[in-house]
Every structure is written in structure tokens, then in C-alpha cells.
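Reader: Could you take me through the pockets and the ring contacts of this model, giving the reasoning before each result?

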Amino acid sequence: MIATQLKIANRKEVFHYMRAKYLRTGEDTSKAEIAKHTGISNPTLMKITDFFMRKGLLEAGGEVVLSVGRPSQMLRVKRDCMYAVGFLMEGIYLYMGVVDIFGSIIYRKVLEVERDILAVGRQIRDRMVPELLAEAGIPAEKLVGIGIAVPASYDVNTRMISYGRMVKIKTETYVGDYLDEMESLYHVPVFFENDANAECLGANNSRNLLTGGGDMLLFSLGTGIGAALILDGKLRRGFHERCGEIWCNVLNSREAPGPDNTLENRISLLKVFEKYGMEYRDGAKGMPPMIREQIVEDIAKELAVAIHNANTLIDCKNLVVCGQVIELLGDPFLETVNRHLEEMLPQGKHPRLEVESPFVGIAGIAGRCIEYQVARILEG
């Protein structure tokens, strides 16, 4: 390894250790502890921590006597050194928040919006970013990135979105100009992502303390249904950028092909509410108890089949579900899905399904902005 690569590798190891320790314990770190954990020599460690201090990543903590002699100066990652904002559109709701260098959401809110990605995107660009920063009390100069997650497929190479029928994306649509306009307006990188991918990134980061490891299969249920997969800490996109697009899973080969014979048609809230004679917006606000129980059973059974079939191939340790459906149907829904999963694999080999709030997608997409900026600093 050449000298420059070794320098960057050492910086990353020190920074990620300090941040993970704080997330795990809430405690500051001494240079002696860092040296013991990493094996990096004291002179090299001094250069690294001085570099971090100059770049504003670290600050002095309290003093502690670790052994006989002079007190040792503790160090901590500077929580207010940078922030990113994230937006996640899910059906009629837009989740938004501000994330700090620890990947923690320090301010969050949710608004009702129209099911129109492009219209909502313009509102984010024109007014929501500065409004969110002002409400959170964050100065614009500390903003390092903007993340936007939507219920549609996104190709990072062509910057095209597709398969967003529930939010008025019926054909492939280029969003590159929009992203360029955002970056020019706010002078920070803008990351665009599929909603389930963002939620999977956030959920995996919280479980692995931003260390970059782990496996996870996540299912996102809102107006439609999507999934995302992380293996060995890496988000899998697929050859056609469609990894996790399970909405189009065909349910019955004997029925006519088409959108009516898909998983999404069977269990999306939009379709389920139509089945019971409710408008989506009204149904999301309240359901009679008997109808709620039936909806729980209908969706849970179909979701359990989809989870069982997908995880039989992948065999992930962590299975997560999040989205509007979970918010609306609550604990009885999760319990019912887990019951059906146990019935399908009675030997007890199926991992339990865990639940996350849609806000985990904010941590995921805004967290990408934070990690991008941190990497730029550490490699500088």
C-alpha cells in the first residue's frame, strides 16, 4: 500500500472507530484508546487527530486521568460540524428531516402532498429546503447535501426514473436537469434514490453503527410495494437497476398477464382501499375496526408469502418492513405477518420480521450525503 493510501486508510479507521463508539456508548475517546484499538503509532495518530481538528470533524472533550501522571485530553466527533436534509415521498405523505454527522435525525416533519413526484420535487427545490433548515435552526453554510427518495425506480447512470405509476410516472423520465438545478441553487451534492433503497440504507446503518457491513432484506409498503437488498454492506441495484421491484411479481400463471395479476394490485393500500369502497386519502385517516382487521389479514398473508419466497433465495439475517402500511395498521399487522411466516417455515428457521418508521429513509438518503462529505474530507 502506497503512503497516500495508507494515510487515508488510517484516517478512516480512526474516524469510524470514534463515531461508532459514540453511537454505541455516548462516550468520548482518548488517543490512548484509539492507539490500542487501531495499532496506529502515537506520532501518526497525532497527525490524524490534528488533521481532524483543522477540518472541524473533532473537538476537545473533557479531561480524564487514565493512569498516574497528567490528565489526558479526550476527543469527540463534533456533532454540529455538518448536516444534510432528506425528503422521502410515500403516497400522499412527504417525510422530511435534517440529519447530523452521526446519521441521527435531529428534526423531522411530515406533510400531506399530491401523488405527483415532479410537482412535489419542484416544491422541494423552490422552498422546502430553506424552510426545513430554518425550522431546524441550521445555518445554510453547514448544509453538505440534499437527498430525495421516491417510490419509483431510479437509474443512477442515466438519471432516469420509471415504474412510478402510483405517483404519475408512466414512462421513463429524465431528472438530470432537475438535479443539476438543485445543485446549482444550493451549492451541495444532491442524491436521488428509490424509497425502499433509502429505507434499507437507513435501517442497515442504524444496526451496524455506520460501519458499512451487514445483510438486509427490506420491504416497503405504501401506495405500492417495493423491496431493497443489502449484502455485505452494499446496496444491490441489479443489472437493469430494478433489484427489489417486486410490485410486478406475477401471482398466478393461469390468469391473464398484466397489472391486475401482480403483487402490487393485491396488497397496495391504493388498491385495498378501493376494494372496500374507500378513497385512499380518507382511508388513510381512519378505518372501521372490522374493515381494519380484514385489511390486516389480507395484506399480511400476501406479504408473508412474498417475504418467504424472496428470503428463501437470499437467506438474510435481517428482515425489515416499513412504510405507510405499518404506520396505519400498527402492531397487529406485524404480529400477523410473523404468524404467517412461522406457519410457512415451522422449523423456526425464519428470522423475525422487524419494523421501521418511514423516517428511517430520511436517515438513509441524507446519510448518503453525510458519508460522501466525510469521505471527501478524509481523502483530502
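**Pockets and ring contacts**

Author: The model is a predicted one. A charged side chain is placed over a ring here, since R108 lies over the face of F359, at 4.7 Å from the ring centre.

Reader: At what distance from the ring centre does R11 lie over the face of F51?

Author: F51 belongs, together with F15 and F52, to one aromatic cluster. R11 sits over the face of F51, and its distance from the ring centre is 3.6 Å.

Reader: Which element gives the most to the lining of the largest pocket?

Author: The largest pocket has a volume of about 460 Å³. It is lined by 21 residues, and those closest to its centre are L201, N205, G212, R368 and E371. At least two lining residues come from each of α1 (3-25), β10 (190-194), α6 (195-208) and α12 (360-378). The element that gives the most, with seven residues, is α12.

Reader: How many residues does α12 give to the lining of the second largest pocket?

Author: The second largest pocket has a volume of about 280 Å³, and of the 22 residues that line it, the closest to its centre are G103, S104, G202, S206 and A363. Two or more lining residues are given by each of α1, β5 (105-112), α6 and α12. The largest share of this lining comes from α12, and it amounts to five residues.

Reader: How many charged residues are in the lining of the largest pocket?

Author: Sorted by class, the lining of the largest pocket has nine nonpolar and seven polar residues. The remaining class in that lining, the charged residues, numbers five.

Reader: Is W247, which pairs with Y163, buried or exposed?

Author: The structure holds eight aromatic pairs, and one of them joins Y163 and W247 in a tilted arrangement, 5.9 Å centre to centre with 45° between the planes. This pair links distant parts of the chain, with Y163 in the loop between β8 (160-162) and β9 (173-174) and W247 in the loop between β13 (234-235) and α7 (263-267), 84 residues apart. Y163 has a relative accessible area of 37% and is therefore partly exposed. W247 has a relative accessibility of 11%, under the 20% cut-off, so W247 counts as buried.

Reader: What is the relative accessibility of Y372, which forms an aromatic pair with F191?

Author: F191 and Y372 form an edge-to-face pair, 5.5 Å centre to centre and with 70° between the planes. F191 lies in strand β10 and Y372 in helix α12, 181 residues apart. F191 is buried because its relative accessible area is 15%, whereas Y372 counts as partly exposed, at a relative accessibility of 38%.

Methods. Residues numbered from 1 in each chain as written. Predicted model: local features only at pLDDT ≥ 70, side-chain atom pairs only at ≥ 80, totals over all residues. Heavy atoms only, no water. 1 Å grid on protein atoms, 1.4 Å probe; cavity = no way out; pocket = protein on both sides within 12 Å on 5 of 7 lines; lining within 4 Å. Points joined across faces, edges and corners; volume = space filled by probe spheres on them. Helix = DSSP H or I, 4+ residues; strand = E, 2+ residues; numbered from the N terminus. Nonpolar A, V, L, I, M, F, W, Y, C, P; charged D, E, K, R; others polar. Phe/Tyr/Trp six-rings, centres within 6.5 Å; stacked < 30°, edge-to-face > 60°. Buried < 20%, exposed > 50% of the residue type's maximum accessible area, 1.4 Å probe, protein only. Lys NZ or Arg CZ within 6 Å of the ring centre and 35° of its normal.
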